[in-house]
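Here are some short exercises to help you read a protein structure. Try each task yourself before you look at the solution.

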Amino acid sequence: MTQFDFNQKTSREGTYSVQYEGTEALFGAKGLEPFWIADMDIQTPVMIRDAIKKRLDNGIFGYTMWQNERFYGPVKHWWKTRFNISLNEADIHYAASVLYTVGEVIRQTTEEGDGVILTTPSYNSFPNLIQGNDRKIIESPLVYDEDKKEYFLDTESFKKLCERDDVSLYIHCNPHNPTGKVWTLSELKEIKQICKDNNVYLISDEIHMDFVRPKEDFVSVASLLEEDDAVLVTTGLGKSFNLASIPHSYFITKDRHLTADINSAMGSRYNVNTASSLALAAIEAAYTECGGWIDQLNEHIEENFQLISDYIDEHLSDVLSFDIPKATYLGWISFEKSGLDAAKVHQALVEVGGIAVSPGKLYLDHENNHFRFNAASSRARIEDGLERIRKTFEHLSK
Ligand SMILES: Cc1ncc(COP(=O)(O)O)c(C=O)c1O
């Protein structure tokens, strides 16, 4: 089997990447080493690049349909071979992006002023979308279990929030960004039932689904769908194959009513109902040829996380705590035990360490005593990032 090298040095020079060119504006300093946004310093597999090149050679990029076997076939193949889920074509729909779909579900299933539940800490674009659409954020804080070293949903409080008259939607992140939590079948069943009992719409964002380790532990909400359920799963290949700048996504639902409303909005209100020809070429190659690649990538990410964990144990155990996440390529690192002032830590990471990591408060971690560290890079870059973190805390401890 082909062995892939994820330690190759990559360059984004001249590509106007947000990770590099966007860092100075956001963090207010030049020359920072970035580990914040969720894309990878790892090239998209050559099989996908070849498929895109082949599509480019045709030379015509006019309006393109996705309703055909070269889209459905690879999607069904991926879900069957990776997750043992048999999808029906009638339940699969292409959409412009995952966040477009989340936004549209917010607009379609809630009214202005309504409450939308998020588990916190939360991926930062969810609060932005809720507020940007004039809805209210309702927080259901995840509880950290010190013994199990895992986050859990407080189902009693979640239920109470769902019972509120002003709450009509819950945005679920499966697996969870930023904590890396993998939800179990029983947790998902309980969440789905609570939502159903209280007429709360359930959307499950599963964009990180290909980064569950081991992959057999991933349970998709799609496996629980029944006819007309008020549930929608949205996902895409943006994270899995580093394709964020080739916008696309797809959603899976048996809610025919909402599907019709979303498709009608995409057609009439926004006119975004055709597909990206390059995305379709990428999806076909990824979902038919790249299973081995993503398995090896997950091994590489696991090794990077082990490196981070060992480094923290050896050099930073008095100030940092870190649990290797079972999913995503994002490390959620706590400096709570250092007792240091959160604002000072985030400032020193930039000014002393010269590193850009995402501060906890971005994810509604109100104590702000975490940072999110992207581990989808070469080992050498991770080592460099760790040294920058060490330098920061050595300075703060003086
Ligand atoms: C949970 C989650 N959903 C959605 C996105 C973005 O998806 P898209 O680019 O398809 O809108 C991200 C990107 O970090 C994410 O972490």
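## Exercise 1: Two domains

The protein chain of this predicted model is divided into domain 1 (18–45 + 292–397) and domain 2 (59–289).

Task: find how far apart the C-alpha centres of domain 1 and domain 2 lie, and how many residues of each domain are in contact with the other.

Solution. Start with the centres: the C-alpha centres of domain 1 and domain 2 are 26 Å apart. Then turn to the contacts: 28 residues of domain 1 are in contact with 33 residues of domain 2.

## Exercise 2: A pocket and its lining

Task: describe the second largest pocket by its volume and its lining, and work out where it lies with respect to domain 1 and domain 2.

Solution.

- Step 1, volume. The second largest pocket holds about 920 Å³ of space.
- Step 2, lining. It is lined by 39 residues, and those nearest its centre are Y144, Y151, D323, W332 and H370. Two or more residues each come from β4 (136–141), β5 (143–145), β6 (150–152) and β11 (330–334). The most, four residues, are given by β11.
- Step 3, classes. The lining of this pocket has 15 nonpolar, ten polar and 14 charged residues.
- Step 4, place. Both domain 1 and domain 2 give residues to the lining, so the second largest pocket lies between them.

## Exercise 3: Checking two helices

Task: compare the span of helix α4 (residues 69–83) with the expected value, do likewise for α10, and list what the buried residues of α4 pack against.

Solution.

- Step 1, α4. Helix α4 has 15 residues, so at 1.5 Å a residue it should span 21 Å; its end C-alpha atoms are 20 Å apart, which agrees.
- Step 2, α10. With 13 residues, α10 reaches 18 Å from its first C-alpha to its last, close to the 18 Å expected at 1.5 Å a residue.
- Step 3, buried side of α4. Its buried residues are F71, Y72, P74, V75, W78, W79, R82 and F83. They pack against β2 (92–95), β9 (231–235), β10 (249–253), α10 (277–289) and α11 (291–316).
- Step 4, buried side of α10. The buried residues here include S277, L280, I283 and Y287. The partners of the buried residues of α10 are α3 (46–58), α4, β2, β10 and α11.

## Exercise 4: Three residues

Task: decide for each of H93, S378 and G113 whether the residue is buried, partly exposed or exposed. The cut-offs you need are under 20% relative accessible area for buried and over 50% for exposed, with partly exposed in between.

Solution.

- H93 is in strand β2. Its relative accessibility is 10%, so H93 counts as buried. Leaving out residues up to four places away in sequence, H93 touches W66, S249, Y250, F251, T259 and N263.
- S378 sits in the loop between β14 (370–374) and α13 (379–397). At 8% relative accessibility, S378 is buried too. Beyond its neighbours within four places in sequence, S378 is in contact with F6, N7, Q8 and H300.
- G113 belongs to the loop between α5 (98–109) and β3 (115–120). Its relative accessible area is 40%, so G113 is partly exposed. Setting aside neighbours within four places in sequence, G113 is in contact with D134, R135 and K136.

Notes: Residues numbered from 1 in each chain as written. Predicted model: local features only at pLDDT ≥ 70, side-chain atom pairs only at ≥ 80, totals over all residues. Heavy atoms only, no water. 1 Å grid on protein atoms, 1.4 Å probe; cavity = no way out; pocket = protein on both sides within 12 Å on 5 of 7 lines; lining within 4 Å. Points joined across faces, edges and corners; volume = space filled by probe spheres on them. Nonpolar A, V, L, I, M, F, W, Y, C, P; charged D, E, K, R; others polar. Domains from an automatic or database assignment. Expected span 1.5 Å × (residues − 1). Buried < 20%, exposed > 50% of the residue type's maximum accessible area, 1.4 Å probe, protein only. Contact = heavy atoms within 4.5 Å.
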